[in-house]
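Before reading on, please take a moment to look at the backbone of the model shown here, first as a whole and then residue by residue. The report below moves from the overall fold to a few places where the backbone takes a less usual turn.

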Amino acid sequence: GDKTWPSPEADWSIFTERKGWRPPPAFDGWASDVKVSGSTLTLITGEDPFYGTIAERRIQMHSSKPEMTITTTYRRVKGQPAVIGIWVITQLKNPVALFAPLPKKSIYRDGFTMLGQNPPPSLKVEKGLVSLTRNPKGAHKIGLDADSLLWVGEKHVLRIDSPRERRGEYPDKGSSTEIYTSADPLPYIELETLGPLHRMKEGDSIKRSNVYTLSRRTEATPDAEARAVFGR
(Lines give C-alpha, C1' and ligand atoms only; values in the text may rest on other atoms or scores of the structure.)
Protein backbone atom coordinates (compact mmCIF):
# COMPACT_ATOMS: atom_id res chain seq x y z
CA GLY A 1 0.00 0.00 0.00
CA ASP A 2 0.97 3.64 -0.40
CA LYS A 3 -0.36 6.44 1.79
CA THR A 4 0.42 9.93 3.01
CA TRP A 5 0.50 11.35 6.52
CA PRO A 6 1.46 14.87 7.59
CA SER A 7 4.83 15.33 9.24
CA PRO A 8 6.23 15.76 11.81
CA GLU A 9 4.64 12.68 13.35
CA ALA A 10 5.57 14.01 16.80
CA ASP A 11 3.13 16.95 16.30
CA TRP A 12 0.00 14.85 15.70
CA SER A 13 -1.15 15.01 19.31
CA ILE A 14 -0.72 18.81 19.30
CA PHE A 15 -3.21 19.09 16.45
CA THR A 16 -5.61 16.31 17.49
CA GLU A 17 -5.34 16.66 21.30
CA ARG A 18 -5.52 12.87 21.39
CA LYS A 19 -3.27 10.65 23.45
CA GLY A 20 -1.37 7.74 21.98
CA TRP A 21 -0.49 6.99 18.38
CA ARG A 22 -3.42 8.05 16.18
CA PRO A 23 -2.95 9.49 12.67
CA PRO A 24 -5.23 12.38 11.63
CA PRO A 25 -8.42 10.69 10.37
CA ALA A 26 -8.74 12.25 6.91
CA PHE A 27 -5.24 10.99 6.11
CA ASP A 28 -5.84 7.51 7.52
CA GLY A 29 -9.14 5.68 7.16
CA TRP A 30 -11.53 8.13 5.55
CA ALA A 31 -12.85 7.45 2.06
CA SER A 32 -11.54 9.65 -0.75
CA ASP A 33 -13.30 11.15 -3.74
CA VAL A 34 -12.04 9.68 -7.02
CA LYS A 35 -11.57 11.44 -10.34
CA VAL A 36 -10.43 9.79 -13.57
CA SER A 37 -9.05 11.77 -16.50
CA GLY A 38 -7.51 9.71 -19.27
CA SER A 39 -4.76 7.62 -17.69
CA THR A 40 -4.65 9.73 -14.51
CA LEU A 41 -6.42 8.75 -11.30
CA THR A 42 -6.81 11.37 -8.56
CA LEU A 43 -7.80 10.69 -4.95
CA ILE A 44 -9.00 13.64 -2.85
CA THR A 45 -9.63 13.39 0.89
CA GLY A 46 -12.13 15.42 2.86
CA GLU A 47 -10.89 18.26 5.04
CA ASP A 48 -9.18 16.86 8.10
CA PRO A 49 -10.97 18.24 11.18
CA PHE A 50 -7.71 18.73 13.08
CA TYR A 51 -5.30 19.88 10.38
CA GLY A 52 -7.79 21.85 8.28
CA THR A 53 -6.05 20.31 5.28
CA ILE A 54 -7.07 18.36 2.17
CA ALA A 55 -4.72 15.78 0.62
CA GLU A 56 -4.79 15.11 -3.11
CA ARG A 57 -2.92 12.20 -4.72
CA ARG A 58 -2.51 12.19 -8.50
CA ILE A 59 -1.52 8.76 -9.84
CA GLN A 60 -0.11 8.41 -13.35
CA MET A 61 1.15 5.31 -15.17
CA HIS A 62 3.83 5.76 -17.81
CA SER A 63 2.63 4.80 -21.27
CA SER A 64 5.65 2.70 -22.25
CA LYS A 65 7.74 2.02 -19.11
CA PRO A 66 7.02 0.11 -15.85
CA GLU A 67 6.88 3.43 -14.03
CA MET A 68 4.29 5.13 -11.85
CA THR A 69 4.33 8.70 -10.54
CA ILE A 70 2.29 9.76 -7.52
CA THR A 71 2.11 13.50 -6.88
CA THR A 72 0.87 14.39 -3.42
CA THR A 73 -0.54 17.87 -2.71
CA TYR A 74 -1.66 19.29 0.63
CA ARG A 75 -4.05 22.28 0.62
CA ARG A 76 -4.61 24.20 3.84
CA VAL A 77 -8.28 25.10 4.00
CA LYS A 78 -8.46 26.67 7.44
CA GLY A 79 -6.63 27.04 10.72
CA GLN A 80 -3.89 29.15 12.22
CA PRO A 81 -0.48 29.05 10.49
CA ALA A 82 1.20 25.73 11.26
CA VAL A 83 4.35 23.84 10.28
CA ILE A 84 3.46 20.83 8.10
CA GLY A 85 5.32 18.57 5.69
CA ILE A 86 4.37 15.82 3.22
CA TRP A 87 5.26 12.29 4.29
CA VAL A 88 4.65 9.33 1.96
CA ILE A 89 4.75 5.76 3.26
CA THR A 90 5.01 2.75 0.93
CA GLN A 91 4.40 -0.61 2.63
CA LEU A 92 5.92 -3.68 0.98
CA LYS A 93 6.30 -7.35 1.77
CA ASN A 94 9.47 -8.78 3.28
CA PRO A 95 12.39 -8.20 0.85
CA VAL A 96 15.63 -10.01 0.25
CA ALA A 97 17.35 -6.71 1.03
CA LEU A 98 16.85 -2.93 1.14
CA PHE A 99 19.23 -0.24 -0.14
CA ALA A 100 19.75 3.50 -0.32
CA PRO A 101 22.51 5.31 -2.24
CA LEU A 102 24.58 7.74 -0.21
CA PRO A 103 24.72 11.33 -1.50
CA LYS A 104 28.16 12.74 -2.27
CA LYS A 105 28.07 14.74 0.96
CA SER A 106 25.69 13.24 3.49
CA ILE A 107 24.57 15.43 6.38
CA TYR A 108 25.05 12.39 8.62
CA ARG A 109 28.45 11.31 9.82
CA ASP A 110 27.65 7.63 9.20
CA GLY A 111 25.36 8.17 6.20
CA PHE A 112 22.19 7.61 8.26
CA THR A 113 20.57 8.56 11.56
CA MET A 114 18.88 6.27 14.08
CA LEU A 115 15.12 6.80 14.51
CA GLY A 116 14.65 3.79 16.79
CA GLN A 117 16.30 2.57 19.96
CA ASN A 118 18.57 -0.03 18.38
CA PRO A 119 20.32 -0.22 15.00
CA PRO A 120 19.25 -3.02 12.64
CA PRO A 121 21.68 -5.94 13.12
CA SER A 122 22.22 -6.22 9.35
CA LEU A 123 22.83 -2.49 8.73
CA LYS A 124 25.89 -1.81 6.54
CA VAL A 125 27.40 1.25 4.87
CA GLU A 126 29.75 0.16 2.12
CA LYS A 127 31.00 1.65 -1.14
CA GLY A 128 28.34 4.33 -1.33
CA LEU A 129 25.36 2.18 -0.34
CA VAL A 130 23.39 1.78 2.87
CA SER A 131 21.88 -1.72 3.12
CA LEU A 132 19.86 -3.79 5.57
CA THR A 133 17.42 -6.68 5.82
CA ARG A 134 14.33 -7.13 7.98
CA ASN A 135 15.00 -8.43 11.49
CA PRO A 136 12.18 -10.85 12.46
CA LYS A 137 12.99 -10.37 16.15
CA GLY A 138 12.70 -6.59 16.35
CA ALA A 139 11.45 -3.44 14.61
CA HIS A 140 13.94 -0.83 13.41
CA LYS A 141 13.92 2.55 11.70
CA ILE A 142 16.63 4.70 10.17
CA GLY A 143 16.60 8.13 8.53
CA LEU A 144 18.62 9.12 5.47
CA ASP A 145 19.26 12.11 3.22
CA ALA A 146 19.17 9.92 0.09
CA ASP A 147 17.12 10.73 -3.03
CA SER A 148 16.19 7.09 -3.69
CA LEU A 149 15.26 3.84 -1.95
CA LEU A 150 15.38 0.29 -3.31
CA TRP A 151 13.42 -2.88 -2.46
CA VAL A 152 15.03 -6.06 -3.81
CA GLY A 153 12.98 -9.25 -3.96
CA GLU A 154 13.70 -12.72 -5.28
CA LYS A 155 12.74 -11.80 -8.85
CA HIS A 156 11.87 -8.12 -8.92
CA VAL A 157 13.20 -4.73 -7.85
CA LEU A 158 11.25 -1.61 -6.89
CA ARG A 159 13.01 1.74 -6.93
CA ILE A 160 11.44 4.87 -5.41
CA ASP A 161 12.85 8.27 -6.38
CA SER A 162 11.97 11.52 -4.61
CA PRO A 163 14.81 14.06 -4.87
CA ARG A 164 15.69 15.94 -1.72
CA GLU A 165 15.31 19.69 -1.89
CA ARG A 166 18.63 21.27 -1.04
CA ARG A 167 17.06 23.96 1.08
CA GLY A 168 14.53 23.72 3.86
CA GLU A 169 14.11 22.07 7.24
CA TYR A 170 13.34 18.36 7.31
CA PRO A 171 11.68 16.41 10.15
CA ASP A 172 13.09 13.41 12.02
CA LYS A 173 16.65 14.74 12.48
CA GLY A 174 16.77 16.02 8.92
CA SER A 175 15.48 12.90 7.13
CA SER A 176 14.19 13.07 3.55
CA THR A 177 13.94 9.28 3.27
CA GLU A 178 13.38 6.60 5.92
CA ILE A 179 13.37 2.82 6.13
CA TYR A 180 11.24 0.95 8.68
CA THR A 181 11.30 -2.82 9.15
CA SER A 182 8.66 -4.62 11.20
CA ALA A 183 9.20 -7.65 13.43
CA ASP A 184 7.27 -10.91 13.25
CA PRO A 185 4.38 -11.70 13.07
CA LEU A 186 4.06 -8.75 10.66
CA PRO A 187 6.67 -9.41 7.95
CA TYR A 188 6.56 -6.09 6.11
CA ILE A 189 8.75 -3.03 5.59
CA GLU A 190 8.15 0.64 4.78
CA LEU A 191 10.06 2.84 2.36
CA GLU A 192 9.23 6.43 3.25
CA THR A 193 9.90 9.81 1.65
CA LEU A 194 9.55 13.22 3.29
CA GLY A 195 9.45 16.76 1.97
CA PRO A 196 10.69 19.84 3.79
CA LEU A 197 8.53 21.46 6.43
CA HIS A 198 6.47 24.51 5.48
CA ARG A 199 4.64 27.07 7.58
CA MET A 200 1.21 26.77 6.00
CA LYS A 201 -1.62 29.27 6.34
CA GLU A 202 -5.12 29.29 4.85
CA GLY A 203 -4.94 29.02 1.07
CA ASP A 204 -1.38 27.61 0.98
CA SER A 205 -0.47 24.38 -0.81
CA ILE A 206 2.63 22.16 -0.94
CA LYS A 207 3.50 19.36 -3.38
CA ARG A 208 5.85 16.34 -3.65
CA SER A 209 6.25 13.63 -6.30
CA ASN A 210 7.44 10.03 -5.99
CA VAL A 211 8.45 7.96 -9.02
CA TYR A 212 8.13 4.16 -8.65
CA THR A 213 10.03 1.96 -11.12
CA LEU A 214 9.50 -1.81 -11.18
CA SER A 215 12.00 -4.07 -12.94
CA ARG A 216 13.17 -7.67 -13.08
CA ARG A 217 16.34 -8.69 -11.28
CA THR A 218 19.34 -9.23 -13.51
CA GLU A 219 22.14 -9.81 -10.97
CA ALA A 220 22.88 -12.87 -8.82
CA THR A 221 23.20 -11.05 -5.49
CA PRO A 222 21.13 -8.21 -3.98
CA ASP A 223 24.25 -6.08 -3.54
CA ALA A 224 25.20 -6.45 -7.21
CA GLU A 225 21.63 -5.64 -8.19
CA ALA A 226 21.64 -2.43 -6.14
CA ARG A 227 24.98 -1.36 -7.62
CA ALA A 228 23.66 -2.00 -11.13
CA VAL A 229 20.51 0.04 -10.41
CA PHE A 230 22.36 2.98 -8.88
CA GLY A 231 25.52 2.76 -10.98
CA ARG A 232 27.76 2.31 -7.93
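In this predicted model, Pro8 is found in the loop between strand β1, which covers residues 2-7, and helix α1, which covers residues 12-16. The peptide bond that leads from Ser7 into Pro8 is cis, with an omega near 0°. A cis peptide bond also joins Asp184 and Pro185, and there omega is about 10°; Pro185 has its place in the loop between β14 (177-181) and β15 (188-194).

Such details deserve attention because most peptide bonds are trans, and most residues other than glycine have a negative phi. Glu17 has a phi near 55°, which is a positive value in a residue other than glycine, and Asp172, although it is not a glycine either, has a positive phi of about 50°. The table sets these two residues side by side.

| Residue | Phi | Place | Relative accessible area |
|---|---|---|---|
| Glu17 | near 55° | loop between α1 and β2 (33-37) | 71% |
| Asp172 | about 50° | helix α2 (171-174) | 27% |

Are these residues buried or exposed? Glu17 counts as exposed, because its relative accessible area of 71% is over 50%, whereas Asp172, at 27%, is partly exposed, because this value lies between the limits of 20% and 50%.

The whole chain gives the setting for these places. Its secondary structure comes to three helices and 17 strands. The radius of gyration of the protein chain is 18 Å, which is close to the 17 Å that the globule rule gives for 232 residues, so the chain is as compact as a globular protein of that length. Taken along the principal axes, the C-alpha atoms fill a box of roughly 50 × 45 × 40 Å.

How much of the chain is buried? Of the 232 residues, 48% count as buried. Among the contacts in the protein chain with a separation of 6 or more, 68% come from residues that are 24 or more positions apart.

On the outside, the accessible surface of the protein chain comes to about 12,000 Å², and carbon and sulfur atoms account for 51% of this area. The chain also carries 34 positive and 28 negative side chains, and the centres of these two sets lie 3 Å apart.

Terms used: Residues numbered from 1 in each chain as written. Predicted model: local features only at pLDDT ≥ 70, side-chain atom pairs only at ≥ 80, totals over all residues. Heavy atoms only, no water. Helix = DSSP H or I, 4+ residues; strand = E, 2+ residues; numbered from the N terminus. Rg over C-alpha atoms; globule rule 2.2 N^0.38 Å. Buried < 20%, exposed > 50% of the residue type's maximum accessible area, 1.4 Å probe, protein only. Contact = heavy atoms within 4.5 Å. Areas by Shrake-Rupley, 256 points an atom, 1.4 Å probe, with all protein chains shown as cover. Lys, Arg positive; Asp, Glu negative; His and termini not counted. Charge placed at Lys NZ, Arg CZ, Asp CG, Glu CD.
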